[in-house]
Amino acid sequence: MDNDVSAGSVFSASVLGHLALGLTLLAFGIGHTGVLDGVTPLDAVTLALYVGGIGLFVAGLLEFRAGHSFTGTAFAALGAFWFTWGTGAGQQVSTDAAGSFLILWALLALSLTVGATGAGPVVQGTYALLCVALVLLAIGQFADSSGITKVGGWFAVVAGAASWYGATAALAHWPATLSGRRVAGRGVTAQ
């Protein structure tokens with residue numbers, strides 16, 4: 001089976017992964033912002049488990065299979081984050097434990113930000129915004145501050161929108177970069 005994207009197609013596991021990450025981050029972030037009456041982060045649990053957790057993990061495995069170690073690592077690790085968050089959401093844990101959990105995953109997002117230097121500004125920006133969101137959400141937990149938590153939620157929303165835009169741009173042939181590799185004959189980058 002050919003692992004490369006054909007010249008007439010922009011589909012790749014990278015596009016799928018960025019769509020999954022974008023949708024999950026949007027739902028997660030909106031829940032933290034409080035902008036929609038009655039919508040909380042717990043409303044994103046099902047999406048986080050299946051789209052973020054399982055979907056991203058599978059996209060990561062497909063990326064590894066295609067020889068793309070960075071996106072394979074990013075998606076598999078973020079899939080683990082979403083699955084872990086989704087299975088633990090709503091359980092009683094101390095604020096310090098919840099904040100520590102978010103800080104540890106912010107370190108992953110920081111590593112992805114640094115590692116995405118060749119992946120383009122959309123991808124690197126997505127991971128940087130995710131890192132800031134997780135740090136702010138952690139601080140909100142430690143300080144028991146709903147204001148800081150809402151700001152962290154907005155950073156997650158913007159990160160989700162960036163990830164979604166990058167994937168949609170690749171599918172629609174808009175000017176955006178998901179990676180440094182060009183799809184033959186399209187002038188669109190996708191990995």
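Student: In this predicted model, how do you know that α5 and α6 are roughly antiparallel?

Tutor: The angle at which α5 and α6 pack is about 160°. Angles over 145 degrees count as roughly antiparallel, therefore the α5 and α6 pair is given that label. The axes of α5 and α6 are 8 Å apart, and their crossing is left-handed.

Student: Which residues make the contact between α5 and α6?

Tutor: On the α5 side they include Val 122, Leu 129, Leu 136 and Gln 141. On the α6 side they include Ile 148, Gly 152, Phe 155 and Gly 166. Contact here means heavy atoms within 4.5 Å.

Student: What makes α1 and α6 roughly antiparallel?

Tutor: α1 and α6 pack at an angle of about 155°. The cut-off is over 145 degrees, so α1 and α6 also count as roughly antiparallel. Their axes are 7 Å apart, and α1 passes α6 in a left-handed crossing.

Student: How many helices and strands does the protein chain have?

Tutor: The protein chain has six helices and zero strands. Read from the N terminus, the order is α-α-α-α-α-α. Of its 191 residues, 45% count as buried. Among contacts with a separation of 6 or more, 66% are between residues 24 or more positions apart.

Student: How do you know that the span of α3 is close to the expected one?

Tutor: α3 covers residues 69-88, which is 20 residues. The expected span is 1.5 Å times one less than the number of residues, and for α3 that comes to 28 Å. From first C-alpha to last, α3 reaches 28 Å.

Student: How does α6 compare with its expected span?

Tutor: α6 has 27 residues and reaches 38 Å, close to the 39 Å expected.

Student: Which residues of α3 are called buried, and what do they pack against?

Tutor: Buried means under 20% relative accessible area. The buried residues of α3 include Thr 71, Ala 74, Phe 75, Leu 78, Trp 82 and Trp 85. The buried residues of α3 pack against α1 (13-33), α2 (45-65), α4 (95-115) and α5 (121-143).

Student: Why is Gly 88 called partly exposed?

Tutor: Gly 88 is found in helix α3. Its relative accessibility is 30%. Buried requires under 20% and exposed requires over 50%, so Gly 88 counts as partly exposed. The C-alpha atoms of Gly 88 and Ala 98 are separated by 9.9 Å, with the two residues 10 apart along the chain. Just after α3, Gly 90 has a positive phi of about 90°.

Student: What makes a set of residues a nonpolar core, and which residues have the most contacts inside the largest one?

Tutor: The members must be buried residues of listed nonpolar types, joined through side-chain atoms within 4.5 Å. The largest such core has 34 residues, and those with the most contacts inside it are Leu 78, Trp 82, Trp 85 and Tyr 127. Each of α1, α2, α3, α4, α5 and α6 supplies at least two residues of this core. The helix giving the most is α5, with eight residues.

Student: Which residues does Tyr 127 contact, leaving aside its neighbours within four places in sequence?

Tutor: Among them are His 18, Leu 21, Phe 70, Leu 78, Leu 112 and Ala 116.

Student: Why is Gly 115 called partly exposed?

Tutor: Gly 115 has a relative accessible area of 41%. Partly exposed lies between the 20% and 50% cut-offs, so the label applies to Gly 115. Gly 115 is in helix α4. Its C-alpha is 7.5 Å from that of Phe 70, although the two are 45 residues apart in sequence.

Student: Is Asp 144 buried or exposed, and how do you know?

Tutor: Asp 144 has a relative accessible area of 69%. The cut-off is over 50%, so Asp 144 is exposed. Asp 144 lies in the loop between α5 and α6.

Student: What is the phi of Asp 144?

Tutor: The phi of Asp 144 is near 50°, a positive value in a residue other than glycine. Most residues other than glycine have a negative phi.

Student: What is the phi of His 173, and where does His 173 lie?

Tutor: The phi of His 173 is near 65°, which is positive. His 173 lies in the segment after α6. Its relative accessibility is 38%, between the two cut-offs, so His 173 counts as partly exposed.

Methods: Residues numbered from 1 in each chain as written. Predicted model: local features only at pLDDT ≥ 70, side-chain atom pairs only at ≥ 80, totals over all residues. Heavy atoms only, no water. Helix = DSSP H or I, 4+ residues; strand = E, 2+ residues; numbered from the N terminus. Buried < 20%, exposed > 50% of the residue type's maximum accessible area, 1.4 Å probe, protein only. Axes fitted to C-alpha atoms, helices over the stretch in contact; angles between N-to-C directions. Parallel < 35°, antiparallel > 145°, perpendicular 65-115°, else oblique. Left-handed = near helix turned anticlockwise from the far one by under 90°.
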